[in-house]
Amino acid sequence: GNITAIGENAFKDCTAISEITLNDGLETIGTSAFENCSALNTINVPATVTSIGYNAFGNCEKVERITVPFVGDGAENKYIGYIFGAASYEENASAVPAVLTSVTVLGGEISDYAFYGCGGIMSVTLSGDITAIGDNAFKDCTAISEITLNDGLETIGVSAFENCSALNTINVPATVTSIGDNAFKGCTAISEITLNEGLETIGASAFEYCSALTGINIPATVTSIGDNAFSGCSLITEITIPESVNQIGNNAFSGCAALTEIHYAGTETNWANVTKGENWIDESCTVVFDKTEEEPAPEVPAPEEPAPEEPGTGEGSGESGNDENQSPDVPENGEDNSVTEETGEEENGNEGML
């Protein structure tokens, strides 16, 4: 259809509406447009929408799934509770429907505190052109067990997923270069984390107290591991630090009780050049070097110069001569007797016959 706007209070108090289809091409949804649509179950806002008014879906208490082109109003108020009637991000928990479990964001920004305190949301999918997850964006979303991060994402902010205690797996895209301080701190259910080539910085306490984590791959692009980055990850049994790392913070791997050795991908000499903070590892853990020192190549003696040639020897001398330049043997009288003798015999024979 060609509808581009839904006005203020347009469907307010339509308590029997359980489903609504919004057309592509729609651009604005007004303030309180669907307020008190208490039977509404699913909301799909098309990507063409550029503005959603305050409290547009207020008191839609049965909404379980929502897809939005951005978080908030598309302008200054970039927290999920805004469209449900929250005056600030601090009211996310009370304004967002308690039964809302699934959220898909098609683009825009995931700003600071965007989903802060939304304790009922279980699944989040980020897609489109999202490049950053802000500080505290999903902090204390204690029911989130699954989150899909989009390719193109570049940074994960400070405390972005802190205390998401139900989150069990996370795949950080290769486009992410930085994981902020406390990003996954206290995510006690995480058992598997995939970090990809391209990551450069792991912030302080980024994975602190991820007590279900059994292993971690640190990509060969990482240069810095912050203070307490993996502190208290008591089930980690194996870890390899790549040669690219040049700084490891204080207590980075302290309290990893199951970790008896750490592998370093380089040599002992290279390891000596890595800056390591205080108590970066427990005393019971040892470092194993995956590469041995390279032995210096043996010296190769310089080739001996050939002895100088003696006069009269070598190419062009009289003794070695060039056969092509020598004259053929010629008798002393200067004639070739082999021809004349045969000719003479024939001539004599002819004369006898005459």
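Two strands pair if DSSP finds at least two bridges between them. The exercises below apply this to a predicted model.

**Exercise 1. Establish how many bridges join strand 5 to strand 6, and place this pair within its sheet.**

Step 1. Strand 5 covers residues 65-68 and strand 6 covers residues 102-105; the two run parallel and are joined by 4 bridges, and because the criterion asks for at least two, they count as paired. Within this pair, valine 68 stands opposite valine 105 of strand 6.

Step 2. Moving on from strand 6, we find 4 bridges to strand 7, again with the strands running parallel, and here serine 102 has serine 123 in strand 7 as its bridge partner.

Step 3. Strand 7, residues 123-126, is in turn joined to strand 9 by 3 bridges in parallel orientation, with valine 124 opposite isoleucine 147 of strand 9.

Step 4. The whole is an open sheet of 5 strands in the order 3-5-6-7-9, with parallel pairing. Its edges are strand 3 (42-44) and strand 9 (146-148), each of which pairs on one side only, and from one strand to the next the twist averages 10°.

**Exercise 2. Determine which residues touch the most other members of the largest nonpolar core, and which elements give two or more residues to this core.**

Step 1. The largest nonpolar core holds 92 residues, and those touching the most other members are Phe57, Phe115, Phe138 and Phe253.

Step 2. Two or more residues come from each of strand 5, strand 6, strand 7, strand 17 (238-241) and strand 19 (261-264).

Step 3. Phenylalanine 253 can then be examined on its own: with neighbours within four places in sequence left aside, its contacts include Ile218, Ile225, Phe230, Ile239, Ile241 and Trp280. Phenylalanine 253 is buried, because its relative accessible area is 1% and the cut-off for buried is under 20%.

**Exercise 3. Classify the ring pair of phenylalanine 230 and phenylalanine 253, and state which parts of the chain the pair ties together.**

Step 1. A search of the whole structure gives 17 aromatic pairs. For phenylalanine 230 and phenylalanine 253, the ring centres are 5.4 Å apart and the planes meet at 5°, so this pair is stacked, given that planes under 30 degrees apart are counted in that class.

Step 2. Phenylalanine 230 belongs to the loop between strand 16 (224-225) and strand 17, whereas phenylalanine 253 belongs to the loop between strand 18 and strand 19, so the pair ties together parts 23 residues apart in sequence. Phenylalanine 230 is buried, with a relative accessible area of 0%.

Step 3. Both rings belong to one aromatic cluster, whose members include Phe115, Phe138, Phe230, Phe253, Trp271 and Trp280. At tryptophan 271, the charged end of lysine 276 sits over the ring, 4.4 Å from its centre.

**Exercise 4. Decide whether asparagine 251 is buried, partly exposed or exposed, and describe its surroundings.**

Step 1. Asparagine 251 is found in the loop between strand 18 (247-248) and strand 19. Its relative accessible area is 25%, so asparagine 251 is partly exposed.

Step 2. Apart from residues up to four places away in sequence, asparagine 251 touches Asn228, Ser231, Glu278, Asn279 and Trp280.

Step 3. Serine 205 lies 46 residues from asparagine 251 along the chain, and their C-alpha atoms are separated by 9.5 Å.

Methods. Residues are numbered from 1 along each chain as its sequence is written. This is a predicted model: local features need pLDDT of at least 70, side-chain atom pairs count only at pLDDT 80 or more; totals for chains, interfaces and linings use all residues. Side-chain values use heavy atoms; hydrogens and water are left out. Axes are lines fitted to C-alpha atoms, for helices over the stretch in contact, and angles run from 0 to 180 degrees between N-to-C directions. A nonpolar core is a set of buried Ala, Val, Leu, Ile, Met, Phe, Trp, Tyr and Cys residues joined through side-chain atoms within 4.5 Å. Buried means under 20% relative accessible area, exposed over 50%, partly exposed in between (1.4 Å probe, protein chains only). Contact means heavy atoms within 4.5 Å. Rings of Phe, Tyr and Trp (its six-membered ring) pair if their centres lie within 6.5 Å; planes under 30 degrees apart count as stacked, over 60 as edge-to-face and the rest as tilted. A charge sits over a ring if NZ of Lys or CZ of Arg is within 6 Å of the ring centre and within 35 degrees of the ring normal.
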